[in-house]
Amino acid sequence: MLSYRHAFHAGNHADVIKHLVLVLTLDYYQSKNKPFWYIDTHAGSGLYKLTGSEAQKTREFAQGIQALWQVGQIPASVQTYLNLIRQLNPQQDQLHRYPGSPWLAAQMLHPTDAMRLFELHPMDFRALETLFGDNKHTQIRKQDGLQGLLGLLPPITRRAVTLIDPSYELKSDYTEVISTLAKAHKRFATGTYLLWYPVISRQRVRQMTNELQKTGIPDILQIEFCPSADSDGMGMTGSGLFAINPPWLLAKQMREVLPWLMERMADASGHFTVQQITPEKRA
Ligand SMILES: C[S@@+](CC[C@H](N)C(=O)[O-])C[C@H]1O[C@@H](n2cnc3c(N)ncnc32)[C@H](O)[C@@H]1O
């Protein structure tokens, strides 16, 4: 039984870093003007009310998107992401809504692109159907997203961005995401894969990094944003993404943007990482 509900966490620091990386990646894919698929293995419900009881109970968005709302100077790489949030909140005095990954992607795709969404929770699945059910370029499946991903590869477009964003409710998720990526990369080596992970235990992050390095997949960039110091047993102090075949500009963009995010969202013990954990493949 799935108990995780993203509505409690929407717009928190982890969503900000994940969605910023996603928007920058999709922006790059769009710039090539060739059709691609966006695959979201753990889609969530697509849209969240920050004024709703779930978000108000934790108020995690206060340290996340709220801290970037109505700030003056915004780095160029954050503009598209923040413009999309503004589009959802036209009355800019207050943040009412925050998007999920499928909503952000839907705004950025061209009519020739397509979305493939997986979501197991019945309520979130229904919410996705309400949001995107009429869109003929979008398929929504109530199916395990990791298995579903493998069934889609290679995509007919031969171009795809995949977001893997599990809730890690099951400890086995940590190993399953890596073995799925290894299989996915064998079927379709040129796609971009973004794997999100929480920083709850530093040892677990090291294990994931080592396991990914052992797969032999080249060109993996690790981006991590921790608003507080690591602290085993104190919950999630940060989060990160492993980006396989990242857009060539992404590392530079993140090195520029992360200090700006730190100033607004982190305490004095916060830290960030942008590092290549496996080398780029030479042509
Ligand atoms: C972290 S949330 C996703 C948030 C979303 N990607 C976003 O950025 O807005 C994880 C979602 O995965 C769903 N889920 C859990 N296990 C799943 C599985 N095996 N396959 C597909 N979805 C799953 C949960 O119900 C939850 O809605």
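Where along the chain is Asn33 found? Asn33 sits in the loop between α1 and β1 (37–40), and the first of the views below takes you there. Please keep in mind throughout that this is a predicted model.

**View A. Asn33, a residue with positive phi.** Here we look at the loop that links α1 to β1. Asn33 is not a glycine, yet its phi is positive, at about 60°. The residue counts as exposed because 8 C-beta neighbours lie inside 10 Å, and the cut-off for that class is 12 or fewer.

**View B. Arg59, in the loop between α2 and α3.** The loop shown runs between α2 (53–58) and α3 (76–88), and Arg59 lies in it. Phi of Arg59 is near 50°, a positive value in a residue other than glycine. Arg59 has 14 C-beta neighbours inside 10 Å, so it counts as partly exposed.

**View C. Helix α1 packed with helix α4.** Helix α1 spans residues 13–31 and helix α4 spans residues 101–108; their axes are 10 Å apart, at an angle of about 25°. That angle makes α1 roughly parallel to α4, because the class takes in angles under 35 degrees. The crossing of α1 past α4 is right-handed. On the α1 side, the contact is made by His19, Leu22, Val23, Leu26 and Gln30, and on the α4 side by Ser101, Leu104, Ala105 and Met108. By type, these contact residues divide into six nonpolar, three polar and no charged. For a feel of the spacing, recall that an α-helix has 3.6 residues a turn, so residues three or four places apart point the same way.

**View D. Helix α4 and its buried residues.** Staying with α4, we can ask how many of its eight residues are buried. The count is six, and the helix is mostly covered. The buried residues are Ser101, Pro102, Trp103, Leu104, Ala105 and Ala106. Among them, Ser101, Leu104 and Ala105 are also part of the contact with α1.

**View E. The shell around the ligand.** Which residues are the closest to the ligand? They are His42, Gly44, Gly100, Ser101 and His121, out of 20 residues that surround the ligand. The shell divides into six nonpolar, eight polar and six charged residues. Ser101 may look familiar, as it also belongs to the contact of α4 with α1.

**View F. Asp144, just ahead of α6.** Asp144 is found in the loop between β5 (138–141) and α6 (145–152). It is partly exposed, because 15 other C-beta atoms lie within 10 Å. The figure also takes in Gly46, which is 98 residues away from Asp144 along the chain; their C-alpha atoms are separated by 17 Å.

**View G. Helix α6 alongside helix α7.** The axes of α6 and helix α7 (residues 172–187) come within 9 Å and cross at roughly 5°. The two helices are therefore roughly parallel to each other. Leu146, Leu149 and Leu150 of α6 meet Glu176, Val177, Thr180, Lys183, Ala184 and Arg187 of α7 in this contact. Sorted by type, the residues of the contact are five nonpolar, one polar and three charged.

**View H. A cis peptide bond at Pro154.** To finish, we move into the loop between α6 and β6 (160–164), where Pro154 is found. The peptide bond from Leu153 to Pro154 is cis, with omega near -5°.

Conventions:
Residues numbered from 1 in each chain as written. Predicted model: local features only at pLDDT ≥ 70, side-chain atom pairs only at ≥ 80, totals over all residues. Axes fitted to C-alpha atoms, helices over the stretch in contact; angles between N-to-C directions. Helix = DSSP H or I, 4+ residues; strand = E, 2+ residues; numbered from the N terminus. Parallel < 35°, antiparallel > 145°, perpendicular 65-115°, else oblique. Left-handed = near helix turned anticlockwise from the far one by under 90°. Contact = placed C-beta atoms within 7 Å. Nonpolar A, V, L, I, M, F, W, Y, C, P; charged D, E, K, R; others polar. Near = placed C-beta within 6 Å. Buried ≥ 20, exposed ≤ 12 C-beta atoms within 10 Å, placed from the backbone.
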